[in-house]
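Please walk me through this model in the viewer. Tell me what to select at each stop and what is there.

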Amino acid sequence: RIKKDGVTSNPVGGEEYLKKIKPDLTSSVARHLMLESELMVNTRITAKAAGDLIAIKVISPEGAYDTFEIVTGEEKELRVGQIIIGALGVRFAERAICGRVPQEGVAAGDIIEILSVGGILGESTKINYGLKPPRKVEVIGIVISPHHSDVPLNLREAGIPWLTHLEKSPPLVLVVGTSMDAGKTTTAAHIISGFSDRGYRVAAIKFTGTSRMKDLGVFDKIGK
């Protein structure tokens, strides 16, 4: 049975520390995990790794970001009381918020912060570019792996295998820059457009940033 605040009133399977939640928003960083509308969280374990999924409740009425990018790529307004799924992470951003995974990890009841619109969570280390302090959120629990109820679900479970070399590969073009807003995405988009106009099929990926879908949408749109 789901309460109005999205958390079950009774423990699941008789285990007091396991709870079922129905989040209001799921961040775009978790899109490849194909999460269900209801999730299991553990309220006694600690999440310590970048990529661990966390269930949080918004407690600050305002902050650096007023919207939150969800799995469809849409941006939804943030409101106090919303239950959200995000991921722990590290962020270096000269013109935004820098942050990290807390050294002691996070557990239910801890207060952490929203570090990016795309759903990166942690503790801020620096606030740049005249932004407000990041929104505070309360940890409800740690989203658990489908393989073990005492192990956090991590974004790596939806990752692709790591390869040390490519046996066969089309030509690769790498676009790098000195910082955020240097023009990397814009340059890549024009390269994609140029090749597409000449009849080539182009695959693009963004290695930096906070895994937002906005830039990937630019690549997709300009390549068609």
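The tour goes from the whole chain to salt bridges and then to a surface patch.

**Before you start**

This is a predicted model: local features need pLDDT of at least 70, side-chain atom pairs count only at pLDDT 80 or more, and totals for chains, interfaces and linings use all residues. Residues are numbered from 1 along each chain as its sequence is written, and side-chain values use heavy atoms, with hydrogens and water left out.

**Stop 1: the whole chain**

Show the cartoon. You should find 2 helices and 12 strands. Helices (H or I, at least four residues) and strands (E, at least two) are DSSP runs, numbered from the N terminus. Along the sequence the order is β-β-β-β-β-β-β-β-β-β-β-β-α-α.

Switch to the C-alpha trace. Its span along the principal axes is about 60 × 45 × 30 Å. The radius of gyration is 19 Å, which agrees with the value near 17 Å for a compact globule of 224 residues. That radius is taken over C-alpha atoms, and the globule rule is 2.2 Å times the number of residues to the power 0.38.

Now show the surface. The protein exposes about 13500 Å², and carbon and sulfur atoms supply 53% of it. Accessible areas come from the Shrake-Rupley method with a 1.4 Å probe; for residues, only the protein chains shown count as cover. Of the 224 residues, 40% count as buried. Buried means under 20% relative accessible area, exposed over 50%, and partly exposed in between (1.4 Å probe, protein chains only).

Turn to contacts (heavy atoms within 4.5 Å). Among those between residues at least 6 apart in sequence, 68% join residues at least 24 apart.

**Stop 2: salt bridges**

The structure holds 9 salt bridges. Each is a side-chain nitrogen of Lys or Arg within 4 Å of a carboxyl oxygen of Asp or Glu.

Select R212 and E69. Their closest N and O atoms are 3.4 Å apart. R212 sits in the loop between α1 and α2, E69 in strand β5, and the two are 143 residues apart. Both R212 and E69 are buried. Add E75 to the selection: E69, E75 and R212 are linked in a network of salt bridges.

Next, select E62 and K132. This salt bridge has its closest N and O atoms 3.7 Å apart. E62 lies in the loop between β4 (53–58) and β5 (67–69), and K132 in the loop between β10 (120–127) and β11 (136–145), so the pair ties together parts 70 residues apart in sequence. K132 is partly exposed, at 43% relative accessibility.

Then select R100 and E123. Here the closest N and O atoms are 2.8 Å apart. R100 is in strand β8 (residues 97–100) and E123 in strand β10, so the pair ties together parts 23 residues apart in sequence. R100 is partly exposed at 38%, and E123 is partly exposed at 27%.

**Stop 3: a nonpolar patch**

Select V173, F195, Y200 and V202. They form a nonpolar surface patch with about 380 Å² of accessible area together. Patches are made of residues with over 30% relative accessible area and no salt bridge: like charges are joined within 9 Å, nonpolar side chains (Val, Leu, Ile, Met, Phe, Trp, Tyr) within 5 Å.

V202 is in the loop between α1 (184–197) and α2 (213–222). V202 is partly exposed at 37%, as is F195 at 36%. Y200 is exposed at 53%.

**Stop 4: the aromatic pair**

How many aromatic pairs does the structure hold? There is 1. Keep F195 and Y200 selected: their ring centres are 5.7 Å apart and their planes are at 85°, so the pair is edge-to-face. Rings of Phe, Tyr and Trp (its six-membered ring) pair if their centres lie within 6.5 Å; planes under 30 degrees apart count as stacked, over 60 as edge-to-face and the rest as tilted.
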